[in-house]
Amino acid sequence: MSDALTLDRAEHLLAELGLKRAAEVLTNHVEHAATQGMTYVEFLLRLLEAEQQARYERYLTARMKLANFPFRKTLADFDFSFQPSLDERQIRELATLAFVERGTNVIFLGPPGVGKSHLAVALGIEAVRQRISTYFITLHQLVENLRRAEADNRLNRRLRIYTKPRLLILDEVG
């Protein structure tokens, strides 16, 4: 079998096995491996890393959508100089998400416009990146959804939506 046919067959098998990204980059990785004198294991590792990265990106896209964030802002986007009374070190500690592992609550208190929602969303985005199931909802919307679900005799199903994630972010409490 010629090299071109072998490569086509390998691409087909990768795609058939659901390794779509590996199939897409196979030719480039083969060429790179040949020019760089890579070992078979190094070549295979690079191919698998490309697949793993593509899967993680698909995971992030899907989980960000499921998390129901109203916007996408991270801690890198937060201007700590705008809010000098805020302890940046404490927020960075929260970003480790140890509070999720401990099962403890975090409450941001303050007047409107100081960045509470931004920080909550940023922590939620970090949680999704760390593969922690996350859901964001305003308290008003949560109560309305629960009222409707009770009226429709679907309260238990609706409650599972809010109790399943390891991190539930309730915004606009007060």
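Helices (H or I, at least four residues) and strands (E, at least two) are DSSP runs, numbered from the N terminus. H29, for example, sits in helix α2, residues 20-36.

This is a predicted model, in which local features need pLDDT of at least 70 and side-chain atom pairs count only at pLDDT 80 or more, while totals for chains, interfaces and linings use all residues. Residues are numbered from 1 along each chain as its sequence is written, and side-chain values use heavy atoms, with hydrogens and water left out.

**Whole chain**

Show the whole chain as a cartoon. There are eight helices and two strands, in the order α-α-α-α-α-α-β-α-α-β from the N terminus. The C-alpha atoms fill a box of roughly 70 × 50 × 25 Å along the principal axes. The radius of gyration is 23 Å, whereas a compact globule of 174 residues would have one near 16 Å; the radius is taken over C-alpha atoms, and the globule rule is 2.2 Å times the number of residues to the power 0.38.

Colour by burial next: buried means under 20% relative accessible area, exposed over 50%, and partly exposed in between (1.4 Å probe, protein chains only). Buried residues make up 31% of the 174 in the chain.

**Helix α2**

Select H29. It is buried, because its relative accessibility is 12%. With contact meaning heavy atoms within 4.5 Å, H29 touches F43, R46, L47 and A50, leaving aside residues up to four places away in sequence.

**The largest core**

Select F69, L75 and L167. Within the largest nonpolar core, which has 26 residues, these three touch the most other members. Such a core is a set of buried Ala, Val, Leu, Ile, Met, Phe, Trp, Tyr and Cys residues joined through side-chain atoms within 4.5 Å. At least two residues each come from α3 (40-67), α4 (88-94), α5 (98-102), α6 (116-129) and β2 (167-171). Helix α6 gives the largest share, eight residues.

Keep L167 selected and show its surroundings. Beyond four places in sequence, its contacts include F99, L123, A127, I132 and Y135.

**Salt bridges**

A salt bridge is a side-chain nitrogen of Lys or Arg within 4 Å of a carboxyl oxygen of Asp or Glu. The whole structure has seven.

Go to α3 and select E51 and R55. Their closest N and O atoms are 2.9 Å apart in a salt bridge. The two are separated by about one helical turn, because they are four residues apart in helix α3. E51 is buried at 3% relative accessibility, while R55 is partly exposed at 39%. Add R58 to the selection: E51, R55 and R58 are linked in a network of salt bridges.

Move to α7 and select E144 and R147. This salt bridge has its closest N and O atoms 3.0 Å apart. E144 is partly exposed at 26% relative accessibility, and R147 is exposed at 52%.

Just past α7, select D152, in the loop between α7 (139-151) and α8 (155-163). Its side chain meets that of R154 in a salt bridge (3.6 Å, N to O). D152 is partly exposed, with a relative accessible area of 46%, as is R154, with 37%. Measure from D152 to T134: their C-alpha atoms are separated by 26 Å, at 18 residues apart along the chain.

**Last stop**

Select L170, in strand β2. L170 is partly exposed, with a relative accessible area of 37%.
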